[in-house]
Amino acid sequence: MVATRALRAWLRLFRVPRPSPRSAPPAVPPGACLRALTRAALALPGLAASLGPVASVGSVAGVGLAGAATTLLGAAAPVVAFAAPGDEIRLQYGRYEEGERRLPGVQSRFDPIDVDFLAVGATAGFLDRFRFSLDYHQDTWSGATPIASAPRSLHGNRASAPDGVSGATPFVSGNLYLDGGLEVLESDLFGNLSGRLDPGLVHTLSAASPETRKALDFGIEHEWDEAQLGLGGGVSIEPDHLSGFARLSGRLDLDRKRSVVGFSATVARSAIDAHLDHDAAPYIDVSTYAGEIHNQRSGSPVLRDERTDWTLEASLARLLGRSTRVEGALQFRRAEGYLANPYKVVEVAFIDPDQQFLAPPGGFYGDVHALLERRPDTRNQVVLSARLLQDVAPIEGAASLRYAFAHDDWGIDAHTLEAEWRQQLGATWLVTPRLRYTTQGAADFYQPFLVSQQAYLRIVTDPGGGFVGVEPFDRALLPDAYSGDHRLSAFGVLSGGISIQKRLFRGFVLDLGFEYARYAGSLRLGGGGEGAFARYDTWLVDASLRVDLAALALAREGRREIVLVERDRDGAGDEGAGHGGAGHVGVAHGPAQAPAGVMFAHALPAAGDFMLGYRTMYMRRDGDIEEGSKEPSDGVVVDRACGDPDCTAAAASMGHQMHMLDLMFAPTSWLTLALMPTYVDHDMRVRALDGAVPDVHSGHDHHATGGFGDTRFGALVPLLAGRRDHANLALLVSAPTGDTSQRFRRDHQTERGFVHYPMQLGSGTWDFLPALTYQGERGRWRFGAQTSASVRMEHEGRTGYALGDEVQVTAWGGLAVTDWLGLSLRGLYTHAGRIRGRYDRPILVRTPGDRPANSGGRLFDLGVGLALTVPRGSFEGMALSLEWIQPLAEDWNGYQLERTGTLAARWGMHF
Amino acid sequence: MRLPGRPPLRIALIAGALALVFATACRSVEPWERGAFASPRMQDAPHAPHATFVDHVRQSREAAAAGPSSSGGGCGCY
């Protein structure tokens, strides 16, 4: 019976929005419709015409068009008080993968590039005609990417491991033999010539440890009746690249909004701080950028430079009839500064006259060296685009055709043609298949491989034959700029994909997208594209969930009216008072919400209720290595922390961030089901320990991991649901969806194995997560307590170990300062056990974090938090809480890095 | 008539001329005739999050699409 009810409740989620059967009267009360319509009529016209989500997420190329197109009068959906079309919350996950590169004759252990993309954001109106948007996004990538292109006879991907499999270390220097016409001859690893020409170029691949980019963008706009002006900015942070931008955009409506003119201007400044691959750096000539290279002697040079980008765009969108819209845009981009890629080199075969005794008969001997690529320090580009959008009303479809032409002073011309068909299926589905074709020419300085008739290094002697010195090659004999980056070559791209959109309930919009693309020289229009070695395929999938605040407000108004009618009919008293109830539709517990760092604290109060939440926690660790609660010297850490052999390094800083989607649904009033997928990323910097044996990685070792974490699911049961006291029991399980086999890249001919235990993405085991929570309120005072645990239900995970069990006890008190603001103070005690077992494969133990004995401990913390509940406006019913958790005392097991603190943030909305 | 410039430039000129013709069409479209533009299929970017992700990837894969790091695009070094 319960299962049947639950199933029915779930099925209701996927119906067209309407009041829930539980509370729905036979007909929607006339008052609800009247009130909604009245408010719609009174809404300011300007609010119905503003930038769409494309612009708000920061695509400069889309600013003008998006802003112009979405404002055409009549294109607005019904307007509801407090929320305008375009006001929304958005969550997105995407994954991008590339197919394997063509490496003939090589068994590569490289995994191709893959990228995990995560985004959360919101857009909301305020102060009548202002609108604010905020977006956070991050991407974590790992895998192998080409560092160079070279003739196959250079054997750049040769096996570097005894098993004959190509490793992470690329070979970027060596020898080649050329014929009299400077064509490369085929040779084996030992220099034996086959008598044939080299079969052609091939990418030299290099793998890197995962990296994560994090970006935060914001935008603010003001709307007039026939114009709009916006300001935006943002910052992007990654270990080797810091970028910030500012944008001014605007729009002017003409001819009663039949035509819309848009413009935008953007400036972006970037600082490059690229740590060159310390494994390959000794074999890369960086003299071209000698002034920008730092730490050359450390064995891990760093390239530091800057770049500036400007973008100007003007656009025009115009209605041609009742069903046709055209748009055109002109964009000018200028870039100055360091425009090269610090991780790409060009292979140059130096024909040294003094070494030609090694040459084959009639040919040449080439001494091959890798030079850091060099690009011009300015780039000017013009992009012209046009789009036609044609409605085909009889079949509820629309066609979109877009053409773009790009031209720049690097010599790259590109044409892009995109076609998509948008098909509505019923009132809630939109299916959009699309095709795209791009063809581009090569940059003038694209040089996948160079030959230079000079010595790489020339020994200078005095007239008597005595050694004077060594003179490097003459740079004037090389082109001013050269790059072997295949993205600058001539190629074509053919891609196809599909997007499916489903409008769920109460303003929820689910979007799924897929795209496949093939990049190949043979696809270039008119031929002349790069060879087959540069061909590769890509796949991309993504899913996003948007909460349309206008639709949500409409549903909320309807439910409120229904509740009022029910009260009038039933003579109900305080049904909606206190903690939940249909009368408080959308109000997420008011300021009584638990501090942000407390999980599993709330069960939903009524059957059919739904909650969408997002939670993030960032823990920072800096400082000294502690033993128990003491701070030992580096010498002690070296001797004792790693066992045998000694430690050579230790963590200098660590960052751990978790993003969690919080989905809850109550099929009955006594049961709340929860699903909480997570995404995590870790980063770590390592320092050398005084007195340790020198380590090739010490002083420049930064590594990161990231990806899907464990997934939690289960149920919460309310034990006490009074007006002022609430208690619930959470019984959840954590599924080991987080990878626990994250590895270091192989370098210096050494397999370093798995990363440190705290850098893995999950626990590796099925875990039981019980939690018992009490919350109460007396007047303006709020208080609560929780005891929770993580019990590992397996002795070991897939890689041979299991994290220790954890128990946490916490209690808090707080004050509701206003009806929308609350403050809290919380104490925490955490007991975490040691890791059981160890990695089931050998690892290179360098730091205390590589040893299971150095895990767990007893921790005392103090949390200071604030909680905001939005009582009205676009965000009505949403709750936002922040908490800083400050370590008070630590008693570690073994040797561990001390903590700086944890920042927890939670956003939630209860429907 | 022979258009000036290289073939890519000619195509661009033709496209620009067509766009100009469309943009100067003079048929009046009254506000009450614009109902079609309110449908989801006629929105500027009905699948905006997907488009954002795809654009981000393309900026690191196509030279012509590699604009400035306006949305904090980073170096696209992967």
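Mentor: In this predicted model, a residue is called buried if 20 or more other C-beta atoms lie within 10 Å of its own, and exposed if 12 or fewer do.

Trainee: Which residues of helix 2 of chain B are buried?

Mentor: The buried residues in helix 2 of chain B are B:Ala48, B:Pro49, B:His50, B:Ala51, B:Thr52, B:Phe53, B:Val54, B:Asp55, B:His56, B:Val57, B:Arg58 and B:Gln59.

Trainee: What makes helix 2 of chain B mostly covered?

Mentor: The count does, since 12 of its 12 residues are buried; for chain B as a whole, 55% of the 78 residues count as buried.

Trainee: How do you know that the span of helix 2 of chain B is close to the expected one?

Mentor: The expected span is 1.5 Å times one less than the number of residues, and for the 12 residues of helix 2 (residues 48–59) of chain B that gives 16 Å, while the distance from the first C-alpha to the last is also 16 Å.

Trainee: Why is A:Arg256 called exposed?

Mentor: A:Arg256 has 12 other C-beta atoms within 10 Å, and because 12 or fewer is the cut-off for exposed, the residue meets that definition. A:Arg256 lies in the loop between strand 9 (241–254) and strand 10 (259–275) of chain A, and its phi is near 50 degrees, a positive value in a residue other than glycine.

Trainee: Why does A:Phe600 count as buried?

Mentor: A:Phe600 has 25 C-beta neighbours inside 10 Å, and because buried requires 20 or more, A:Phe600 falls on the buried side. Its place is in the loop between helix 5 (549–570) and strand 27 (610–622) of chain A.

Trainee: What makes the phi of A:Phe600 worth a remark?

Mentor: Most residues other than glycine have a negative phi, whereas A:Phe600, which is not a glycine, has a positive phi of about 60 degrees.

Trainee: Is A:Arg723 buried or exposed, and how do you know?

Mentor: A:Arg723 has 10 C-beta neighbours inside 10 Å, and since the limit for exposed is 12 or fewer, A:Arg723 counts as exposed. This residue sits in the loop between strand 33 (711–721) and strand 34 (725–735) of chain A.

Trainee: Which elements of chain A have the lowest and the highest mean pLDDT?

Mentor: On the confidence scale from 0 to 100, helix 3 (residues 53–56) of chain A has the lowest mean among the elements of that chain, 32, and strand 20 (residues 429–440) the highest, 97. Over residues 162–168 of chain A the pLDDT is below 50, although the model has 23 contacts for this stretch beyond near neighbours in sequence.

Key
Residues are numbered from 1 along each chain as its sequence is written. Chains are lettered from A and ligands numbered from 1 in the order in which they are written. This is a predicted model: local features need pLDDT of at least 70, side-chain atom pairs count only at pLDDT 80 or more; totals for chains, interfaces and linings use all residues. pLDDT is the predictor's confidence in each residue, from 0 to 100. Helices (H or I, at least four residues) and strands (E, at least two) are DSSP runs, numbered from the N terminus. Two residues are in contact if their C-beta atoms, placed from the backbone, lie within 7 Å.
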